[in-house]
Amino acid sequence: MTPMRVLLTHNRDLLKHFYGYRAVDALKALPIELVMNDSNEPLSGDTLVKAAEGCEVVISDRLAAGPRDVLERLKDVRLFTRCAVDMRNIDVDAASDAGILVCNCSSGYADAVAEHALALMLDLARNITRDAERYHAGEASHAMVFGRQMAGAHVGVIGYGSIGRRIVELALAFKMKVTVYDPYARIDNGAVIPVGLDEVLSKPDFVVCAAYATPETERMMNAGAFSRMRRDAFFINVARGILVDEDALEQALTSGTIAGAGLDVGDGPDQQPSLRLARLPNVVATPHSAALMIEPSEFQAMETVEQVKAMLEGRLPIHAKNPHRLPNWLSR
């Protein structure tokens, strides 16, 4: 019997930094034929269709989009799985029409992203980057600027999913006052104060955006939202760039409407913060690297291995998004 062919779309860089060799070895140990993208380029459009010829499974990275015109041409593919939580560039309806099951992965990076959020808060509160840059430049004498102590400070968290909950836990460990806005979440922690959107924006020293990207949250952080924040408050975004109106944020930062921002996501390439924001003196920006660690990357990659195992064993893979549209999928 011909072994099942599986395409791993990750190029060399994504393989090293986002998928990992442990998961590759686990795939190679299965009775499959593994097809890999041994190049420095992403697979998308025609190149993705060509690479997937004869493959029953596509394990896709975030650059390997699955729009309708691509999915309709994946004639041999039965499973298209995204090695990430975010799957907005996969047309699930089109996949269902083409008889393709779509899966994603669960969030294995809540700890990593929450730690990064606290790191951005600390950096802004203590002027760490600015002071370090002066020393790097050889400036040993300069004016001292008071920082802000985390203990006793107030943080407002927008979104109480896995990342938001972990941010809250870490903030409480720092002895911070914590308020949360999430109209869909139940908050059982007695140390956390549930509030409305206006209060989570207007009262805290730090406002942290950890909400999911949905039509409801798109550009929720706009001019009106920033105008409600305190002038000495900091804004942190570790969620998705689409939640923020970058023009409004730039205006708020340059006009003194807010004190500063810590950003790991934005409207730049690959969801990185835009350079025009990153260059501002009151911004600490990182290139969408909050989850760039071995532990969360391996967690999701190993879930894709389990999905391939399920295919081999005739089981429905975990995190399947459209099985109700494909009731006979397992019997194909």
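**Exercise 1. The lining of the largest pocket**

Task: In this predicted model, determine how the residues of the lining of the largest pocket divide into nonpolar, polar and charged, and locate the pocket in the fold.

Solution.
Step 1. Sort the lining by residue class: 22 residues are nonpolar, 11 are polar and eight are charged.
Step 2. Take the volume, which is about 1,000 Å³ for the largest pocket.
Step 3. Find the centre. The lining has 41 residues, and Ala84, Val85, Asp86, Tyr109 and Arg240 are the closest to the centre of the pocket.
Step 4. Assign the lining to elements. Helices α1 (12–19), α8 and α13 (294–312) each give two or more residues. The most come from α13, with three residues.

**Exercise 2. Enclosed space**

Task: State how many cavities of 30 Å³ or more the model has, and describe the lining of the largest cavity.

Solution.
Step 1. Apply the search principle: rolling a probe the size of a water molecule over the atoms shows where empty space is left.
Step 2. Count the cavities of 30 Å³ or more; there is one.
Step 3. Give the volume of the largest cavity, about 40 Å³.
Step 4. List the lining: Asn237, Gly241, Val244, Glu246, Leu249, Leu263, Val265, Gly266 and Leu277.
Step 5. Classify these residues. Five are nonpolar, three are polar and one is charged; glycine is counted as polar here.

**Exercise 3. The nonpolar cores**

Task: Identify the residues with the most contacts inside the largest nonpolar core, and the elements that give two or more residues to this core.

Solution.
Step 1. Start from the general expectation: in soluble globular proteins, nonpolar side chains tend to be buried together.
Step 2. Rank by contacts. In the largest nonpolar core, of 33 residues, those with the most contacts inside the core are Met121, Val155, Ile167, Met176, Val180 and Phe206.
Step 3. Map the core to elements. Two or more residues come from each of α6 (110–126), β6 (154–158), α8 (162–173), β7 (177–181), β9 (206–209) and β10 (234–237). The most come from α6, which gives nine residues.
Step 4. Inspect one member. Beyond its neighbours within four places in sequence, Val155 is in contact with Met121, Ala171, Met176, Lys177, Val178, Thr179, Pro204, Phe206 and Val208.
Step 5. Look for a separate core. Another one, of 28 residues, lies apart from this core, and Val200, Met221, Val244 and Leu249 are among its members.
Step 6. Cross-check with Exercise 2: Val244 and Leu249 belong to that other core, and Val244 and Leu249 also line the largest cavity.

**Exercise 4. Burial and contacts of three residues**

Task: Classify Ser96, Arg126 and Ala261 as buried, partly exposed or exposed, and list the contacts of each.

Solution.
Step 1. Ser96 is in helix α5 (residues 92–97). Its relative accessible area is 7%, so Ser96 is buried, the cut-off being under 20%.
Step 2. Not counting residues up to four places away in sequence, Ser96 touches Asn322, Arg325 and Leu326. With Asn322 there is a side-chain to side-chain polar contact of 2.9 Å.
Step 3. Arg126 is in helix α6. At 42% relative accessible area, Arg126 is partly exposed.
Step 4. With residues up to four places away again left out, Arg126 touches Asp131, Arg148 and Gln149. The C-alpha atoms of Arg126 and Phe146 are 7.7 Å apart, with the two positions 20 residues apart along the chain count.
Step 5. Ala261 is in strand β11 (residues 260–263). Because its relative accessibility is 0%, Ala261 counts as buried.
Step 6. Outside four places in sequence, Ala261 is in contact with Leu124, Phe234, Phe235, Leu253, Asn282, Val283 and Val284. Ile294 is 33 residues from Ala261 in sequence, and the C-alpha to C-alpha distance is 27 Å.

**Exercise 5. Positive phi**

Task: For Lys175 and Asp270, give phi, then the location and exposure of each residue.

Solution.
Step 1. Set the reference: most residues other than glycine have a negative phi.
Step 2. Lys175 has a positive phi, near 65°. Lys175 sits in the loop between α8 and β7. A relative accessible area of 64% makes Lys175 exposed, as the cut-off is over 50%.
Step 3. Asp270 also has a positive phi, near 55°. Its place is the loop between β11 and α12 (275–278). With a relative accessible area of 28%, Asp270 is partly exposed.

Notes. Residues numbered from 1 in each chain as written. Predicted model: local features only at pLDDT ≥ 70, side-chain atom pairs only at ≥ 80, totals over all residues. Heavy atoms only, no water. Helix = DSSP H or I, 4+ residues; strand = E, 2+ residues; numbered from the N terminus. Buried < 20%, exposed > 50% of the residue type's maximum accessible area, 1.4 Å probe, protein only. Polar contact = N/O pair within 3.5 Å; in protein donor to acceptor, adjacent residues only side chain to side chain. Contact = heavy atoms within 4.5 Å. Core = buried A, V, L, I, M, F, W, Y, C linked by side-chain atoms within 4.5 Å. 1 Å grid on protein atoms, 1.4 Å probe; cavity = no way out; pocket = protein on both sides within 12 Å on 5 of 7 lines; lining within 4 Å. Points joined across faces, edges and corners; volume = space filled by probe spheres on them.
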